[in-house]
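Biologist: I should like to examine how the terms applied to this model are justified. Could each label be set against its criterion?

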There are 2 protein chains.
Amino acid sequence: MNISKVAKIAQLPTKTVRYYSEIGLVAASGRTEAGYRDYSEQDARKLCFVRRAREFGFSIEECRSLLSLYEDRERSSSEVKALAQTRLDEIEQKQRELQSLHTAISHLIKNCSGDHRPDCPIIDYLEQ
Amino acid sequence: MNISKVAKIAQLPTKTVRYYSEIGLVAASGRTEAGYRDYSEQDARKLCFVRRAREFGFSIEECRSLLSLYEDRERSSSEVKALAQTRLDEIEQKQRELQSLHTAISHLIKNCSGDHRPDCPIIDYLEQ
DNA sequence: CTAAGGTTTCCAGTAACTGGAAGGTCAACG
DNA sequence: CGTTGACCTTCCAGTTACTGGAAACCTTAG
């Protein structure tokens, strides 16, 4: 199938599919005589897999690892679990950061009158 | 004062200070004869202000707005409050996204044995 | 045969820096 | 006075994961 068909199946923009082939993440299994990329069903599954992993916030390099584990029939689940755990740790770290930002900013907003006067605790705080 | 001194005061890498001058966010108020950037106390305060705003996750362009409000003695606090509220909304959106990722990934991890066998619900889930 | 719409490659831009090279400057030490 | 080391300058490239666009080629329908 051509690139627009596989892109539709994988729910990715064609630009992204082309990009993934360029960086060697998921290449087309062949080319037509005219040089068009020719994707197989298996390629489509891989692209789908990558899209879902990306939605989970795995980086391209992590996707590369996951993909090789996905393709490895002899893989152990521990390797995959370790990658997922790393990702979970990152998420928790980010959550803690966002929570403290949320606390700080909402506190500032609560104390800002938000009227036409120039007094502003937000500016004052940033100015310190 | 020279760039390394102002960088130390503002707690920013000199590279970043140079970058901020390059993009016209906070320029040095002058240059020495030899062409060295020459920063004033006020420049130092602005750089500090920007660093703190960046730590709150404001983008460079938002910092530009905040900076012009900071410099405007006639500003109304409502403009600043609106920017902060936008930032808070973004934070809350990101928090919701991270929460659903956390739920999904931790669920997958809980169901993965993580041993030497190839069976892995994480891969299975991504494969669907 | 032509026109529309697909495909190719290549180049540039995004956000916000960061690293490094080549070269000019400054202060101190002997 | 020379030199050494630590500054400073500009410019270029790389980072992440695409995205937009141009020029040129291919395919398919009418």
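The exchange below concerns a predicted model and takes up salt bridges, the protein interface and the two DNA strands in turn.

Biologist: What makes the pair A:Glu71 and A:Lys46 a salt bridge?

Modeller: The criterion asks for a side-chain nitrogen of Lys or Arg within 4 Å of a carboxyl oxygen of Asp or Glu. The side chains of A:Glu71 and A:Lys46 meet at 3.1 Å, N to O, so the pair satisfies that cut-off. The two residues are 25 residues apart and link distant parts of the chain, A:Glu71 lying in helix α4 (residues 60-71) of chain A and A:Lys46 in helix α3 (residues 41-55) of chain A.

Biologist: Why is A:Lys46 called buried, and what is A:Glu71 called?

Modeller: Buried means under 20% relative accessible area. A:Lys46 has a relative accessible area of 16%, and therefore falls under that limit. For A:Glu71 the value is 45%; because partly exposed covers the range between buried and exposed, the latter being over 50%, A:Glu71 is partly exposed.

Biologist: How do you know that A:Lys94 and A:Glu97 form a salt bridge, and how are they placed in helix α5 of chain A?

Modeller: Their closest N and O atoms are 3.6 Å apart, and the cut-off is 4 Å, so the pair qualifies. Both belong to helix α5 (residues 77-110) of chain A; because they are three residues apart there, about one helical turn separates them. A:Lys94 counts as partly exposed at 39% relative accessibility, and A:Glu97 is also partly exposed, at 35%.

Biologist: What makes B:Arg64 and B:Glu61 a salt bridge?

Modeller: The N to O distance between their side chains is 3.1 Å, which is within the 4 Å required. Here too the separation is about one helical turn, because the residues are three apart in helix α4 (residues 60-71) of chain B. B:Arg64 is partly exposed at 29%, as is B:Glu61 at 48% relative accessibility. Over all chains, the structure holds ten salt bridges.

Biologist: How many salt bridges does the rule find across the interface of chain A and chain B, and what is in contact there?

Modeller: The rule finds zero salt bridges across that interface. Nevertheless, 48 residues of chain A are in contact with 49 residues of chain B, and eight residue pairs are in polar contact, both residues being at pLDDT 80 or more. On the side of chain A that touches chain B, the elements giving two or more residues are α3, α4, α5 and α6 (121-127) of chain A. Of these, α5(A) gives the most, with 21 residues. That side divides into 23 nonpolar, twelve polar and 13 charged residues. The area buried between the two chains is about 4,500 Å², and carbon and sulfur atoms give 69% of that area.

Biologist: What makes the approach of A:Arg54 to DNA strand D a polar contact?

Modeller: A polar contact requires a pair of N or O atoms within 3.5 Å. A polar side-chain atom of A:Arg54 lies 2.9 Å from a phosphate oxygen of DNA strand D, so the pair meets the limit. For A:Tyr36, a polar side-chain atom lies 3.3 Å from a sugar or linking oxygen of that strand. Around DNA strand D there are 19 residues, and A:Lys15, A:Tyr20, B:Ser4, B:Arg18 and B:Arg37 come nearest. Sugar and phosphate account for 71% of the atoms of the strand that come within 4 Å of the protein. The surface near DNA strand D receives the most from α2(A), with four residues.

Biologist: How do you know that A:Tyr36 and B:Tyr36 make polar contacts with DNA strand C?

Modeller: A polar side-chain atom of A:Tyr36 lies 2.7 Å from a base nitrogen of DNA strand C, and the corresponding distance for B:Tyr36 is 2.9 Å, again to a base nitrogen. Both distances are within 3.5 Å, so both pairs count as polar contacts. A:Arg18 addresses a phosphate oxygen instead, at 2.7 Å from a polar side-chain atom. Of the atoms of DNA strand C within 4 Å of the protein, 68% belong to sugar or phosphate and the rest to bases. By class, the surface near this strand has eight nonpolar, five polar and five charged residues.

Notes. Residues numbered from 1 in each chain as written. Chains lettered and ligands numbered in written order. Predicted model: local features only at pLDDT ≥ 70, side-chain atom pairs only at ≥ 80, totals over all residues. Heavy atoms only, no water. Buried < 20%, exposed > 50% of the residue type's maximum accessible area, 1.4 Å probe, protein only. Near = heavy atom within 4 Å. Polar contact = N/O pair within 3.5 Å; in protein donor to acceptor, adjacent residues only side chain to side chain. Contact = heavy atoms within 4.5 Å. Buried area = accessible area lost by both parts, 1.4 Å probe. Nonpolar A, V, L, I, M, F, W, Y, C, P; charged D, E, K, R; others polar.
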